[in-house]
Amino acid sequence: MAEQPIPPAAPAPAPAPGAAGAGRPARVEAAPDPHGGQPPRGPAKPDRAVVRDSLGVGVAVGLSGFAFGVTSVGAGLDLLQTCALSLLVFTGASQFALVGALAAGGNPFTAAAGAFFLGTRNAFYGLRLSQLLALPRAVRPFGAHWVIDETTAVALAQPTRRAARIGFTVTGLTLYALWNLTTLIGALGAEAIGDTDAWGLDAAGPAVFLALLAPMLRSTTERAVAALAVVLGLGFLPVLPAGVPVLVAALAAPAVLWLSGRGEVRR
């Protein structure tokens, strides 16, 4: 009896249209992202280098609290009020703006409004840092208190999320501790010497304020905003109540941005 040939094996049936896996390549498991969802923006930076840079910024700026303490007491605030501002507000530019307006005889509510508008920039910093740092929900309220110019700059300069968290934390902790300590020392010293105007210390606040502001003016638009704000503030100083020219100067930012937008449209 002749052997029957063995039929070839039938090919595996193709998946029906719409079935799972039809028309799609095999699934490949992605490796976990070591940067927590943030792609690295440069070579990894040693933790020690991040801490060193953060301490440098925190110490350099934190010592400016001494000038605020002197200026605040010279403007008529007492020791408790001065220290409370540094503890609870903790944004140097707004603090100097507040006591500067009070020293010029401005209404407290007007002075507070000017300081508030100046401090709103920190809210925009927070929007960026919330994505970069991705802090646990429990510590976010504490971290929000440290969202200022210096901590934002240090965090954004880091190549990875881990480095950004270290930079933000070390800068914030160092700056907060030193700023409040030197505020206390400056306020105690001002109360001890009495009349700060006689020692020329009334100029310390504006000088430090300008020193903090100058490094931030990097682009042409920022310099234009600063120049227009100076013109508006000084121009309305003789005709408006103390503290109000600061609010008028705040209009420089939208004015320059509007003019810049019109220039781009015409091009």
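**Exercise 1. Leu135 and its surroundings**

Find which residues Leu135 touches, leaving out residues up to four places away in sequence.

*Solution.* Leu135 touches Arg140 and Arg165 once residues up to four places away in sequence are set aside. Keep in mind as you work that this is a predicted model.

Next, locate the residue: Leu135 sits in the loop between H6 and helix H7 (140–144). Now take one of its partners, Arg165, which is 30 residues apart from Leu135 along the chain. The C-alpha atoms of this pair are separated by 8.3 Å.

Last, decide on its exposure. The relative accessible area of Leu135 is 22%. Buried would need a value under 20% and exposed a value over 50%, so Leu135 is partly exposed.

**Exercise 2. Helix H1 and Ser54**

Compare the expected span of helix H1 (residues 47–62) with the distance between its end C-alpha atoms, then say whether Ser54 is buried or exposed.

*Solution.* Begin with the length. Helix H1 has 16 residues. The expected span is 1.5 Å times one less than the number of residues, so H1 should span 22 Å. Its end C-alpha atoms are 22 Å apart, which agrees.

Now turn to Ser54, which has its place in helix H1. Its relative accessible area is 0%, so Ser54 is buried. In H1, Ala49, Val50, Ser54, Gly58, Val61 and Gly62 are buried. A general rule helps when you look at such a list: an α-helix has 3.6 residues a turn, so residues three or four places apart point the same way.

To finish, look for the partners of Ser54. Not counting residues up to four places away in sequence, Ser54 touches Val154, Ile166, Gly167, Val170 and Thr171.

**Exercise 3. H4 against H5**

Work out how helix H4 (residues 92–103) and helix H5 (residues 108–119) are arranged, and which residues meet.

*Solution.* The two helices pack at an angle of about 160°, and their axes are 8 Å apart. Angles over 145 degrees count as roughly antiparallel, so H4 and H5 are roughly antiparallel to each other. The crossing of H4 past H5 is right-handed.

From H4, the contact uses Ala93, Ser94, Ala97, Leu98, Ala101 and Leu102. From H5, Pro108, Ala111, Ala112, Ala115, Leu118 and Gly119 take part. Sorted by class, the contact has 10 nonpolar, two polar and no charged residues.

**Exercise 4. H6 against H8**

Do the same for helix H6 (residues 121–133) and helix H8 (residues 149–156).

*Solution.* Their axes come within 10 Å and cross at roughly 30°. That makes H6 roughly parallel to H8. H6 passes H8 in a left-handed crossing.

On the H6 side you will find Arg121, Asn122, Tyr125, Arg128, Leu129 and Leu132. On the H8 side are Asp149, Thr152, Ala155 and Leu156. This contact divides into five nonpolar, two polar and three charged residues.

**Exercise 5. H2 against H3**

Describe the packing of helix H2 (residues 65–74) and helix H3 (residues 79–88).

*Solution.* H2 and H3 pack at an angle of about 135°, with axes 9 Å apart. That makes H2 oblique to H3. Their crossing is right-handed.

Phe68, Gly69, Ser72 and Val73 in H2 meet Thr82, Leu85 and Ser86 in H3. The contact has three nonpolar, four polar and no charged residues.

**Exercise 6. The whole protein**

State how many helices and strands the protein has.

*Solution.* There are 13 helices and zero strands. Of the 267 residues, 34% count as buried.

Notes
Residues numbered from 1 in each chain as written. Predicted model: local features only at pLDDT ≥ 70, side-chain atom pairs only at ≥ 80, totals over all residues. Heavy atoms only, no water. Axes fitted to C-alpha atoms, helices over the stretch in contact; angles between N-to-C directions. Helix = DSSP H or I, 4+ residues; strand = E, 2+ residues; numbered from the N terminus. Parallel < 35°, antiparallel > 145°, perpendicular 65-115°, else oblique. Left-handed = near helix turned anticlockwise from the far one by under 90°. Contact = heavy atoms within 4.5 Å. Nonpolar A, V, L, I, M, F, W, Y, C, P; charged D, E, K, R; others polar. Buried < 20%, exposed > 50% of the residue type's maximum accessible area, 1.4 Å probe, protein only.
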